[in-house]
Each structure stands twice: as C-alpha cells, then as structure tokens.
Amino acid sequence: MEGQVEEVILAGSRTDFSVWGMFMQADIVVQLVMLVLLLASVLCWTIIFATWLRLRRVNREADQFEDSFWSGAAPEDLYEGLKNRINHPMAMLFVAAMREWQRSQKGRSSGLGERLSVEDRIGKVMRVTIAREMERLEGHTGFLATVGSAAPFIGLFGTVWGIMNSFQSIALTSNTSLAVVAPGIAEALLATALGLVAAIPAVIGYNKHATDLSRYAGRLEGFSDEFSAILSRQLDERAA
C-alpha cells in the first residue's frame, strides 16, 4: 500500500503544472478548446485596437472638417476641394448631400412642392450615407459580442470534458488520491481561465466601442441636421 502511495506521489511530482505543460498533457478535445479560445482572444485584441485607431482617426478628421466648414467658406468651395479626396465619413456625408443638392438645382422650379421634394431627397441621401458609413466603421465589432457571450461556455465545455477524463482515471486506477485527478482538473480549469481571458476583454471592448460608435453616429446626425437647415435657408432665399 505504501509503495502505491509513493508511486502516485512521484507521478504527481513529475506532472508539469506550467501553462504549456498542462496544455501538452491535456486531452485532444481540451487542447482544441484552448486553441479556439486563444485564437478568439487574438482576433478580439486585433479588432479592439483596429477599431480604436479607426475611431480616433475619423474623430480627428471630423474636427478638422468642422473647423473648415464653420470657418465661413462657401459650401460650394468646400465641396470642390473635397469631392475627389473623401477620406472620412463626415466628408462623405457632406459630399453626398452637396452632390444631390447640385443635381436638384438643375432645371428646378421654385414651387413649394419641388422645394419639399429637394429637401426630402437630400435628407434621404444623408440618412443612407450615415447608415453606410457607420456600418463600415463598425467593421467586425459584432465578433466581440459573440466572443464575450460564447467564450465562457466554450471554456466550460473544456472544463467539463477534462473533469470527465479525471473521473475516468479514478475509475480505471481505482485510486481516489488527489495526485491522480489533480493534473486533469488543473488542465480542465485552464480551459475555463482561457475562456474568461477571451471573454472579458471582448465584453469591455465591445461596450466601449459601441458607446464610441453611438456617439460618432450622433455627431454625424447632428451635422446632417445643421447642414439640412443651411440648405433649407438657401432654398428659402432663392424662392423669395
């Protein structure tokens, strides 16, 4: 009996409890779960940093555009300078509205019905442009929400599978010593830990980017309303 105990203790002492060691000793299913979670974590961090850089750039460019727009320059002059080098959503919104405005002015009558039609078309163009540009800005941020909700359960699956293997080891060896089941349980819990490592940054990143994207969408909608008011005043002046 003492010899069996000593053998179990020696086997436990030879077990590598480092992260790499536990990964290499884990069951193939648990290894696949760990690899999936590691890949998901890498993709999440890539999306988080790429989206952060993209939002930082478009906000900076929007600041520069608004400085030019409210500096007193004529919208037509600003349009001529931007129409061939559009590089951010607010400029795209402005150019799309100006393009429709100029098309609407060709052969336009001055009736009330025609004026309302022009305002309606410009409003639709700006709404479509905002929706399209926001979709481009969002990119793959939806993947963060998917990982944030699914990764803990994927990790839990790996944990359950590893614990099942540990119980099988108990059944096969007829030995309930902790040294027999500890390696399998440790490997199983590593899968849960990796699930949390993937999920926590994904949830935080998604919430942060969702807030920033919503704020930027509000900024585009605010500019759209202000620019619509400017164009409406110009229609009033031409109708007068």
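**Reading aromatic pairs and a nonpolar core**

Biologist: Where should we begin in this model, and is phenylalanine 94 buried or exposed?

Modeller: Phenylalanine 94 has 0% relative accessibility, so it counts as buried. Keep in mind that this is a predicted model.

Biologist: How many aromatic pairs are there, and how do I read one?

Modeller: Two aromatic rings are described by the distance between their centres and the angle between their planes. There are 11 aromatic pairs in the structure. In one of them, phenylalanine 65 and phenylalanine 69 are stacked, at 6.0 Å centre to centre with 25° between the planes. These two phenylalanines are four residues apart in helix H3 (residues 28-69), which means about one helical turn separates them. Both are buried.

Biologist: What about phenylalanine 94 and phenylalanine 227?

Modeller: Their ring centres are 5.2 Å apart and the planes meet at 50°, so this pair is tilted. Because phenylalanine 94 sits in helix H5 (residues 89-105) and phenylalanine 227 in helix H8 (residues 178-239), the pair ties together parts 133 residues apart in sequence. Phenylalanine 227 is buried too, with a relative accessible area of 0%.

Biologist: Which residues form one aromatic cluster?

Modeller: That cluster consists of Phe65, Phe69, Trp70, Phe94, Phe223 and Phe227.

Biologist: And how should I think about the nonpolar core?

Modeller: In soluble globular proteins, nonpolar side chains tend to be buried together. Here the largest nonpolar core has 31 residues, and Met134 and Tyr216 are among those with the most contacts inside it. H8 gives the most to this core, nine residues. Apart from this core lies another, of 19 residues, including Val33 and Ala202.

Technical notes
Residues numbered from 1 in each chain as written. Predicted model: local features only at pLDDT ≥ 70, side-chain atom pairs only at ≥ 80, totals over all residues. Heavy atoms only, no water. Phe/Tyr/Trp six-rings, centres within 6.5 Å; stacked < 30°, edge-to-face > 60°. Buried < 20%, exposed > 50% of the residue type's maximum accessible area, 1.4 Å probe, protein only. Core = buried A, V, L, I, M, F, W, Y, C linked by side-chain atoms within 4.5 Å.
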